[in-house]
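This report describes a protein structure in running text, with one small table. The reader is invited to consult the sequence and the model while reading.

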There are 2 protein chains.
Amino acid sequence: MTRHTDGPASYALDPQLAADTHPLATFAPYDVRLMDDANYPWLVLVPRIAGARELIDLDATQRRTLTDEIDTAARLLRDRFRPFKLNVATLGNLVPQLHVHVIARFEDDPAWPAPVWGRVAARPYSPEALVERMNLLLADTPA
Amino acid sequence: MTRHTDGPASYALDPQLAADTHPLATFAPYDVRLMDDANYPWLVLVPRIAGARELIDLDATQRRTLTDEIDTAARLLRDRFRPFKLNVATLGNLVPQLHVHVIARFEDDPAWPAPVWGRVAARPYSPEALVERMNLLLADTPA
């Protein structure tokens, strides 16, 4: 089967994002992923929109949906982890695909009070810790 | 006139935010301010909502309005400065009052590609540079 390279681009998760995160859920039109860094409960939302790079690339409906999704992700982190603060950011200086970080912050986390990026090396989850965290995030009620 | 201190709290700009930024515009219900750091074109949006600390403290209408305001601010920075990337973030680890950073980033800015926070010391505007930047931001059409 020939793939027409001049056809409209389809959505595909950026390889760097794929490498850095674990899939948590897909609520069309968004992927919700867990950053592979046990230092912080850290979700990454990726709109499944081909070519989106900036928030201003979204139309009003897409923007509203993303805002609602950020709200849902932030409430989930708050309910499950009771953080001191929530950080929400879309930067994309290194990974161009539009993605939104939603991070639970604590006064005793390794980067506090600085933003998390570039402070300490990521601490990948052990398989057991990953399963535990996934279960906590996906449970119907807080553990 | 007596001010009842047990009444509902009223909105007041956080003193640290007031010290770090210049007023650019007030579109009820938001203050739009210019960060006093000539290293980056950097706007700060502050919802005029007493006690708001997290995005999830906003109701759906307030959230939608804020999202539209972020979009407007980001488009303004794009149109006036043609940045390589836009960064949008609400962190609030140090200043608790809810505020949203909207920052125009360039591949030759002093923090690139890292986030701007905590990288290099802020470079306050000279009076002349501040007037020039304010005029550029407030002009009806790009200079």
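A residue is called buried when its relative accessible area is under 20%, exposed when it is over 50%, and partly exposed in between (1.4 Å probe, protein chains only). Helices (H or I, at least four residues) and strands (E, at least two) are DSSP runs, numbered from the N terminus. The model is predicted: local features need pLDDT of at least 70 and side-chain atom pairs count only at pLDDT 80 or more, while totals for chains, interfaces and linings use all residues. Residues are numbered from 1 along each chain as its sequence is written, chains are lettered from A and ligands numbered from 1 in the order in which they are written, and side-chain values use heavy atoms, with hydrogens and water left out.

**An enclosed strand in chain B**

Strand 2 (residues 30–35) of chain B is largely enclosed by the rest of the structure, because 6 of its 6 residues are buried. In a regular strand the side chains alternate between the two faces of the sheet. In strand 2 of chain B, B:Tyr30, B:Val32 and B:Leu34 point one way, whereas B:Asp31, B:Arg33 and B:Met35 point the other way.

Two strands are said to pair if DSSP finds at least two bridges between them. The table lists two pairings of strand 2 of chain B.

| Partner of strand 2 of chain B | Sense | Bridges | Hairpin connection |
|---|---|---|---|
| Strand 1 (residues 21–27) of chain B | antiparallel | 6 bridges | 2 residues |
| Strand 3 (residues 42–47) of chain B | antiparallel | 5 bridges | 6 residues |

Individual bridge partners can be named as well: B:Phe27 is matched with B:Tyr30, and B:Leu34 with B:Leu43.

**The interface of the two chains**

Contact means heavy atoms within 4.5 Å. By this rule, 33 residues of chain A are in contact with 33 residues of chain B. Buried area is the accessible area (1.4 Å probe) that two parts lose on being put together, summed over both. For chain A and chain B it is about 3,000 Å², 51% of it on carbon and sulfur atoms. A:Ile56, A:Lys85 and A:Asn93 supply 24% of the area that chain A buries against chain B, more than any other three residues.

A salt bridge is a side-chain nitrogen of Lys or Arg within 4 Å of a carboxyl oxygen of Asp or Glu. The rule finds 6 salt bridges across the interface of chain A and chain B. A:Asp71 and B:Arg63 form a salt bridge through their side chains, at 3.3 Å from N to O. On the side of chain A that touches chain B, helix 2 (60–81) and strand 4 (85–90) of chain A each supply at least two residues. Helix 2 of chain A gives the most, with 9 residues.

Strand 4 of chain A also pairs with strand 4 (residues 85–90) of chain B, in the antiparallel sense and over 3 bridges. Here A:Ala89 stands opposite B:Ala89.

**Two buried residues**

B:Thr90 belongs to strand 4 of chain B. Is B:Thr90 buried or exposed? B:Thr90 is buried, because its relative accessible area is 8%. Its contacts beyond four places in sequence include A:Leu86, A:Asn87 and A:Val88 from chain A, and B:Leu55 and B:Val100 from chain B. The C-alpha atoms of B:Thr90 and B:Val100 are separated by 4.6 Å, although the two residues are 10 residues apart along the chain.

A:Arg105 lies in strand 5 (residues 100–105) of chain A. With 0% relative accessibility, A:Arg105 also counts as buried. Among the residues that A:Arg105 touches are A:Tyr40, A:Trp112 and B:Asn93.
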